[in-house]
Amino acid sequence: MTKNTTTTHLYFSKKLKQFNFLERFLAFLGFTLVTCLFIACFFYLNYQAVTFHGFPWFGLSDAASSALQTEATALNANQRLGFLDEGGDSCDIYDGKWVWDDNYPLYQSPDCPFIDSGFRCLENGRPDSFYTKWRWQPKGCNLPRFNATKMLEKLRNRRLAFIGDSIGRNQWESMLCMLSSAIPSKDSIYEVNGSPITKHKGSLVFRFADYNCTVEYYRAPFLVAQGSAPRGAPKGVRMTLRLDRMTRTHQQWVDADVLVFNSGHWWSPKKTTNRGCYFQEGTEVYLKMDPATAFRKSFETLLDFVHSQVNTNKTQVFFRTYAPEHFRGGAWNNGGHCHHIKLPYFGPFPDKTEKPVEIVCDVLSKRPERLQVMDMMNVTPMTYQRQDGHTSLYHFGRGNESEPSGEDCSHWCLPGVPDSWNELLYAHFLKWESVHSSSPTVHSQATL
């Protein structure tokens, strides 16, 4: 035993002599660099996602991290003006950042029967729920906390309608869930025609019986009328978009008390001209008009329609801007993916905005009188950062076996990002209500 011990000591003594000063210095330097990079990565990914979630690396329990977050949130809240306070009008609620909030989400998807199966990411197998914990915080003010009961009371005997594409439907379903969270009996909320919500196309009108109000969705990806090619149209024209006429469903929603429009995702060659869908004004069909120009004309038509046909003394009108996609490594049909992204992007905004947003801003700047009849909800920059919130692989749920293969990096998990759009809508809604509360208005009767 003594001989073996002596041999071992001699072995380590030789190794220690071989480990000279330079090697020790390089080892120390390497360790220091790795440690600094490790810490820097956490700050880049947003320290709140690490410390406030109670990860054990910093010795913070969930209770301790939650207490720290509450204290920090209260301090910031006291320093900011409320958006609904006097002087809050000057606050740009779209200029802000995403902050971690353990009080989110506002509802749980199993508790809401009004979500398409393709938006139920957690129920469809998504392993993380980080994307449900982010709250939008404007830099210059605080948003009012969403209160479903308060909004339902203000919607009593009234109508809220969403008109647009499937991303608009995403937002509409989010609003149904947010409002229904205040209703114990979900049976008192129903589609007036008995239509199922999943995979149903066209319009859907859900009535909240306790408040005699409706929350409605009208599918209109282009917002303008779409129909068959006119007689004598050039060869290859299968259908046209009537850029000078509103969608045919306008008579159904024109008298609603709150209108929320969106468009932009379908204004591309692959959704229009590549399918034989061209653009028409009057009797003339334009074969060489590009989709961006056509979108501009359609938005001008929308503005003119709202100005001339909607009673804006009674009706609040909003246009929500384009919600960016986040495909990596290809498009939706050739390997594009986003399922690996678990956190928002906290880097700088891109120098150039999305084309549909540029067009909307340009049209409104040249026609400032139209700003008096429509509020633009510019959610594009804030949504650009939410690369983590898409349905990705998890749009395959029970009954979705017929879905095409591939990931969906366009639509959003619920609960998730569309809830934040609706929190902004809620803030605008309350602001408008406070301004108009002193003047008598005639509300439309909700659909029975």
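Here are a few worked exercises on this predicted model.

**Exercise 1. Work out how the seven-strand sheet is ordered and which strands stand at its edges.**

Start with the order: the strands run E6-E7-E8-E5-E11-E14-E15 in an open sheet, and the pairing is mixed. Next, look at the ends. Strand E6 (189-191) and strand E15 (375-377) each have a single partner strand, so one side of each is left without a neighbour in the sheet. Now for the twist: ignoring direction, neighbouring strands of this sheet are turned by 20° against each other on average.

Zoom in on one edge. Strand E14 (residues 316-320) pairs with E15 in the parallel sense, over three bridges. In that pairing, Phe-319 sits opposite Met-376 in E15.

Finally, add the helix. H6 (residues 166-180) packs on the sheet and touches E5, E6, E7, E8, E11 and E14. The direction of H6 makes about 165° with that of E8.

**Exercise 2. Do the same for the four-strand sheet: which strands stand at the edges, and which helix lies across E9, E10 and E12?**

The order is E9-E10-E12-E13, again written for an open sheet with mixed pairing. E9 and strand E13 (284-286) hold the edges with a single partner strand each, so one side of each is left without a neighbour in the sheet. From one strand to the next, the twist averages 35°.

Take the E12/E13 pair next. Strand E12 (residues 277-281) pairs with E13 in the antiparallel sense over three bridges, and Phe-279 stands opposite Tyr-286 in E13. The helix you're after is H8 (residues 291-309), which lies across E9, E10 and E12 and runs at about 35° to E10.

**Exercise 3. Find the cavity and say what lines it.**

Scan the whole structure with a floor of 30 Å³ and you get one cavity. Its volume is about 60 Å³. Then collect the lining, which includes Trp-98, Tyr-104, Pro-105, Trp-134, Arg-386, Pro-415 and Asp-419. Sort the lining residues by class and you have seven nonpolar, three polar and two charged. As for where they come from, helix H11 (residues 417-436) gives the largest share, three residues.

**Exercise 4. Check the backbone for oddities: which peptide bonds to Pro-105 and Pro-415 turn up, cis or trans?**

Keep the background in mind: most residues other than glycine have a negative phi, and most peptide bonds are trans. Begin with Tyr-104 to Pro-105, where the bond is cis with omega near 5°. Pro-105 belongs to the loop between E2 and strand E3 (134-138). Move on to Leu-414 and Pro-415: that bond is cis too, with omega about 0°. Pro-415 is in the loop between strand E17 (408-412) and H11. Both prolines also appear in the cavity lining.

One phi deserves a look as well. Leu-223 isn't a glycine, yet its phi is positive, about 70°. This leucine is in the loop between E8 and strand E9 (224-228).

**Exercise 5. Count the disulfides and describe the one at Cys-91.**

With a sulfur-to-sulfur cut-off of 2.5 Å, the count is four disulfides. Pick the one joining Cys-91 to Cys-141, with S to S at 2.1 Å. The torsion about the S-S bond is -75°, making this link left-handed. Now place the two ends: Cys-91 lies in the loop between E1 and E2 and Cys-141 in strand E4 (residues 141-142), so the pair ties together parts that are 50 residues apart in sequence.

Methods:
Residues are numbered from 1 along each chain as its sequence is written. This is a predicted model: local features need pLDDT of at least 70, side-chain atom pairs count only at pLDDT 80 or more; totals for chains, interfaces and linings use all residues. Side-chain values use heavy atoms; hydrogens and water are left out. On a 1 Å grid over the protein atoms alone, a cavity is a set of points where a 1.4 Å probe fits but cannot get out, and a pocket is an open set with protein on both sides within 12 Å along at least five of seven lines; lining residues have an atom within 4 Å of a point. Grid points are joined across faces, edges and corners, and a volume is the space filled by probe spheres set on the points. Ala, Val, Leu, Ile, Met, Phe, Trp, Tyr, Cys and Pro count as nonpolar, Asp, Glu, Lys and Arg as charged, and the others, Gly among them, as polar. Two strands pair if DSSP finds at least two bridges between them. Axes are lines fitted to C-alpha atoms, for helices over the stretch in contact, and angles run from 0 to 180 degrees between N-to-C directions. Contact means heavy atoms within 4.5 Å.
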